[in-house]
Amino acid sequence: MKLSIVIPAYNEAESISETIEELVFVLSDKKIDYEILVVNDNSKDNTLEVLEALKFKYNSLYFVTNTGQNGFGYAVRYGLERFTGDCVAVMMADLSDSPHDLVKFYETMQEGNFDCVFGSRFMKGGKTIDYPGIKKIINRVANAIIRLVMNIKYNDTTNAFKLYKRHTIEGVKPFLSPHFNLTIELPLKAIIRGFSFAVVPNSWTNRKYGESKLKIREMGSRYFFILMYCFIEKYFSRGDFEKKW
């Protein structure tokens, strides 16, 4: 099962090398068939130049520049239209997500033949390192609201780090979210459309360089829109979008 990793990158020149090097080391050591697809989201720093240098070093690395509208969701969607693997993980460019956890996701998917594998930083075995206090409170409140509204047990929907089989990605289209609200659109659609999933603990480590691209003040209404869309689909679509195989 070929593994693709889609990494959106906006002004990540300081972080992207370490992220790619760590991924290559861990995945090659496990002898996993993989590709790394970085989507340069029209970075204003020298991210593109760093990627060009890395490409000479790693033949498993590919990169493209998002030539359309920019934003986290647009960049991820650009990558999800271009990966070649049998399954695809969305990971951050700042090494906040662990390559070792990615291996755990991949092995879980293979062993259980799941359509998706979701991580949780807030279950037994999960952990966060240097998580900003205010963001952590907002995260837990947001996830509690999502669980209540959607009547699900999964407690870390907002975590971007997840693994999907190719047919799952096709099955949750069309994508609506242009920004970080894509992180809840993908798993919620997969759950309500009947795709199988497993939840495993994962870690999260705050970035070493640069600043977070997630601006909470800008995202409240966007998360709410997607949550309401998924609520309406779950309870009023009469199963029109459910998995049919």
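Here are some notes on the cavity and the nonpolar cores of this predicted model.

1. Ground rules: the model is predicted, so local features need pLDDT of at least 70 and side-chain atom pairs count only at pLDDT 80 or more, while totals for chains, interfaces and linings use all residues. Numbering runs from 1 along each chain as its sequence is written, and side-chain values use heavy atoms, with hydrogens and water left out.

2. There is 1 cavity of 30 Å³ or more, a cavity being a set of points on a 1 Å grid over the protein atoms alone where a 1.4 Å probe fits but cannot get out. The largest cavity holds about 60 Å³ of space, the volume being what is filled by probe spheres set on points joined across faces, edges and corners.

3. Who lines it? Among the lining residues (an atom within 4 Å of a point) are Phe72, Val90, Lys162 and Leu186. Helix 7 (182-192) supplies at least two of them, as do helix 3 (72-80) and strand 7 (162-165); helices here are DSSP runs of H or I with at least four residues, strands runs of E with at least two. The largest share, 3 residues, is from helix 7.

4. Now the largest nonpolar core, meaning buried (under 20% relative accessible area, 1.4 Å probe, protein chains only) Ala, Val, Leu, Ile, Met, Phe, Trp, Tyr and Cys residues joined through side-chain atoms within 4.5 Å. Of its 35 residues, Leu80, Met150 and Leu188 touch the most other members. Helix 7 gives the most to this core, with 7 residues.

5. Leu188 touches Ile146, Met150, Ile152, Thr157, Leu227 and Cys230 (heavy atoms within 4.5 Å), leaving aside residues up to four places away in sequence. A second, separate core has 33 residues, including Leu27 and Val103.

Definitions and conventions. 1 Å grid on protein atoms, 1.4 Å probe; cavity = no way out; pocket = protein on both sides within 12 Å on 5 of 7 lines; lining within 4 Å. Buried < 20%, exposed > 50% of the residue type's maximum accessible area, 1.4 Å probe, protein only.
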